[in-house]
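Here is a friendly walk through one protein model, written for someone who likes to think at the bench. Keep the structure open and turn it as you read.

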Amino acid sequence: MYWQLNYDSSWTSGLGSYTDSDDDSGASLRTGLGVSYEVAEGFRVRADWDLILDVGDDDDLGESDINVFSIGPEFLF
């Protein structure tokens, strides 16, 4: 999977102000598992887990794995 990260951050208070920004991009391995259960003819419930490895920048932002859990309806026509 190809990913691209861009962020801008700033705040101002009576003590001063802070501004930072960075961008990075790369490619990561994406894998996962999924299951679907047929509730009725033409209707299923699906649950998935996706794992994306090593997203981010080692130097500035840090590098992390992303886990995505989802559940939802699946309609068959």
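The report below goes from the overall fold to the surface, the ring pairs and the charged contacts.

**Overall fold**

Please keep in mind that this is a predicted model. Its secondary structure consists of five strands and zero helices, and the order from the N terminus is β-β-β-β-β. The radius of gyration is 20 Å, well over the 11 Å that the globule rule gives for 77 residues, so the protein is more spread out than a compact globule. Along the principal axes, the C-alpha atoms fill a box of roughly 60 × 30 × 20 Å.

How much of the protein is made up of buried residues? They account for 12% of the 77 residues. The accessible surface comes to about 6000 Å², and carbon and sulfur atoms own 52% of that area. As for how the chain meets itself, take the contacts between residues at least 6 apart in sequence: 35% of them join residues at least 24 apart.

**A nonpolar patch on the surface**

Which residues form a nonpolar patch on the surface? They are Tyr 37, Val 39, Val 45 and Ile 71, with about 430 Å² of accessible area together. One of these, Ile 71, sits in strand β5, which covers residues 62–75. Ile 71 has a relative accessibility of 67% and therefore counts as exposed, the cut-off being over 50%.

**Strand β1 and its neighbours**

Strand β1 spans residues 2–13 and includes Ser 10. With a relative accessible area of 56%, Ser 10 is exposed. Leaving aside residues up to four places away in sequence, Ser 10 touches Tyr 18 and Thr 19. Asp 22 is 12 residues from Ser 10 in sequence, and their C-alpha atoms are 12 Å apart.

**Two pairs of rings**

The structure holds two aromatic pairs. In one of them, Trp 11 and Tyr 18 are stacked, with 6.3 Å from centre to centre and 25 degrees between the planes. Tyr 18 is thus a shared name here: it belongs to this pair and is also touched by Ser 10. Both rings come from partly exposed residues, as Trp 11 has a relative accessible area of 46% and Tyr 18 has 36%.

The other pair is Phe 43 with Phe 75: the ring centres are 5.3 Å apart and the planes meet at 45 degrees, so this pair is tilted. Phe 43 belongs to strand β4 (residues 43–57) and Phe 75 to strand β5, so the pair ties together parts that are 32 residues apart in sequence. Are the two residues buried or exposed? Phe 43 is partly exposed at 26% relative accessible area, whereas Phe 75 is exposed at 52%.

**Salt bridges**

How many salt bridges does the structure hold? There are three, and the table gives the N to O distance for each pair.

| Residue pair | N to O distance |
|---|---|
| Asp 50 and Arg 30 | 3.4 Å |
| Arg 46 and Asp 48 | 3.1 Å |
| Glu 74 and Arg 46 | 4.0 Å |

Begin with Asp 50 and Arg 30, whose salt bridge has its closest N and O atoms 3.4 Å apart. This pair links distant parts of the chain: Asp 50 is in strand β4 and Arg 30 is in strand β3 (residues 30–40), 20 residues apart. Arg 30 counts as partly exposed, at 45% relative accessibility.

Now turn to Arg 46, which meets Asp 48 in one salt bridge and Glu 74 in another. Glu 74 lies in strand β5 and Arg 46 in strand β4, so their pair ties together parts that are 28 residues apart in sequence. Arg 46, Asp 48 and Glu 74 are linked in a network of salt bridges. Two of its members can be placed by accessibility: Arg 46 is partly exposed at 31%, and Glu 74 is partly exposed at 23%.

**Putting it together**

Strands β4 and β5 come up twice in these contacts. Phe 43 and Phe 75 join them through a tilted ring pair, and Arg 46 and Glu 74 join them through a salt bridge. Strand β4 also meets strand β3 through Asp 50 and Arg 30.

Terms used:
Residues are numbered from 1 along each chain as its sequence is written. This is a predicted model: local features need pLDDT of at least 70, side-chain atom pairs count only at pLDDT 80 or more; totals for chains, interfaces and linings use all residues. Side-chain values use heavy atoms; hydrogens and water are left out. Patches are made of residues with over 30% relative accessible area and no salt bridge: like charges are joined within 9 Å, nonpolar side chains (Val, Leu, Ile, Met, Phe, Trp, Tyr) within 5 Å. Accessible areas come from the Shrake-Rupley method with a 1.4 Å probe; for residues, only the protein chains shown count as cover. A salt bridge is a side-chain nitrogen of Lys or Arg within 4 Å of a carboxyl oxygen of Asp or Glu. Helices (H or I, at least four residues) and strands (E, at least two) are DSSP runs, numbered from the N terminus. Buried means under 20% relative accessible area, exposed over 50%, partly exposed in between (1.4 Å probe, protein chains only). The radius of gyration is taken over C-alpha atoms; the globule rule is 2.2 Å times the number of residues to the power 0.38. Contact means heavy atoms within 4.5 Å. Rings of Phe, Tyr and Trp (its six-membered ring) pair if their centres lie within 6.5 Å; planes under 30 degrees apart count as stacked, over 60 as edge-to-face and the rest as tilted.
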